[in-house]
Amino acid sequence: MAAAGALRGLVWGGGGRRASAAVLLLSPLREALGLPVCRSKSAVSFLTRPDRPNLAYHKLKGRSPGVVFLPGFNSNMNGQKAAALEDFCSSLGHAFIRFDYTGCGSSDGRLEDCTIGKWRKDVLSVLDELTDGPQILVGSSMGGWLMLHAAIARPDKVAALVGVAVAADHLVTAFRKLPLEAQKAIEEKGEWKFPTKHNKDGYYSLRYDFVREAANHCVLNSPIPVTCPIRLIHGMRDAEVPWQVSLQVAERVLSQDVDVILRKTGQHRMSEKEETKLLVNTVDDLIDKLATLA
């Protein structure tokens, strides 16, 4: 009973509408609390596309609004944030989708052949082929950049956005901050060893063509024509993407319903227990808000 009470406060925030669901212990949170995990594994499905590589995904059927999780660069759909959101949506009966971009995780294709533009098309394929009704997009890091593009391209489909450490324009901005000599050397070599602590080598190997193509998808240079509710969560100790990027996004979007939530101790992945709680509660609040507006 004590554990159930603790989880009620952790996940449901005391909301009366969902008090009866508080006894459902979400798998990532059960694990964090040291409780047995009884999560059933669903089989990977594939979205077949005649003109592009097949995309691996997990789909949970349910009511609207649905939730779609967009992972970060060189990541996949099996992370803690995606799993927590899937468990949450399952407990409420809402639809949920998580998927792998082309060249990532279980999807077809090669990572080295990918571009921001191709991944943008992946997101639109998922929205067009796998979802029904309004959707809340949750984008982590690069997924936050792609969710903005999806909201621009599908305004009637995207009902709200939640960004976690949104990396809008980040790779292009980081490249342009390099000394001109370094930029020239990367262009001549055709490769950029982009520093990161999330890879065992200490860097991601990016083709110069990838960076050049990404520049075509920058969104922070002009107003962003997105008018739906937006919530941006960012850690102030993010060593990968400065938290000021979320402020830039908030300033650029046309929507007036924008909240920026800064975690003083948060790092880039925002996957600590309290940060997962914050993400789930943020999505929960948006579901309530959209239900009120409907």
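Strands β2 (residues 52-60) and β4 (residues 94-99) run antiparallel and are joined by 4 bridges. At one spot along this pair, lysine 59 of β2 faces isoleucine 97 of β4. Keep in mind as you look around that this is a predicted model. The pair belongs to an open sheet of 8 strands with mixed pairing, and several helices can be placed around that sheet, as set out below.

**The main sheet**
- Reading across the sheet, the strand order is β1-β2-β4-β3-β5-β6-β9-β10.
- The edges are held by β1 (45-49) and β10 (258-263); each has a single partner strand, so one side of each lacks a neighbour in the sheet.
- On average, neighbouring strands here are turned by 20° against each other, with direction ignored.
- As a general reminder, strands of a sheet pair through backbone hydrogen bonds, in either a parallel or an antiparallel way.

**Helices on the sheet**
- Helix α4 (residues 116-130) packs on the sheet and touches β1, β2, β3 (63-70), β4, β5 (135-140) and β6 (158-164).
- The direction of α4 makes about 105° with that of β1.
- Helix α10 (residues 273-293) lies across β3, β4, β5, β6, β9 (230-235) and β10, and α10 runs at about 165° to β6.

**Where α4 meets α5**
- Helix α5 (residues 142-153) packs against α4 at an angle of about 60°, and their axes are 9 Å apart.
- That angle makes α4 oblique to α5, and their crossing is right-handed.
- From α4, the residues in this contact are Ile116, Trp119, Arg120, Val123, Leu124 and Leu127; from α5, they are Met142, Trp145, Leu146, His149, Ala150 and Ala153.
- By class, the contact of α4 with α5 has 10 nonpolar residues, 1 polar and 1 charged.

**Where α3 meets α10**
- Helix α3 (residues 80-92) and α10 pack at about 40°, with 10 Å between their axes.
- α3 and α10 are therefore oblique to each other, and they cross in the right-handed sense.
- On the α3 side you will find Gln80, Lys81, Ala84, Leu85, Phe88 and Leu92, while α10 brings Thr276, Leu279, Val280, Val283, Asp284 and Ile287.
- The contact of α3 with α10 divides into 8 nonpolar, 2 polar and 2 charged residues.

**The β7 and β8 pair**
- β7 (residues 191-195) and β8 (residues 203-207) pair in the antiparallel sense over 5 bridges.
- In this pair, tryptophan 192 stands opposite leucine 206 of β8.
- Trp192 and Phe194 make up the covered face of β7, whereas Glu191, Lys193 and Pro195 lie on its uncovered face.
- In general, side chains of a regular strand alternate between the two faces of the sheet.

Technical notes
Residues are numbered from 1 along each chain as its sequence is written. This is a predicted model: local features need pLDDT of at least 70, side-chain atom pairs count only at pLDDT 80 or more; totals for chains, interfaces and linings use all residues. Side-chain values use heavy atoms; hydrogens and water are left out. Two strands pair if DSSP finds at least two bridges between them. Helices (H or I, at least four residues) and strands (E, at least two) are DSSP runs, numbered from the N terminus. Axes are lines fitted to C-alpha atoms, for helices over the stretch in contact, and angles run from 0 to 180 degrees between N-to-C directions. Contact means heavy atoms within 4.5 Å. Angles under 35 degrees count as roughly parallel, over 145 as roughly antiparallel, 65 to 115 as roughly perpendicular and the rest as oblique. A crossing is left-handed if the near helix is turned anticlockwise from the far one by less than a right angle, and right-handed if clockwise. Ala, Val, Leu, Ile, Met, Phe, Trp, Tyr, Cys and Pro count as nonpolar, Asp, Glu, Lys and Arg as charged, and the others, Gly among them, as polar. Buried means under 20% relative accessible area, exposed over 50%, partly exposed in between (1.4 Å probe, protein chains only).
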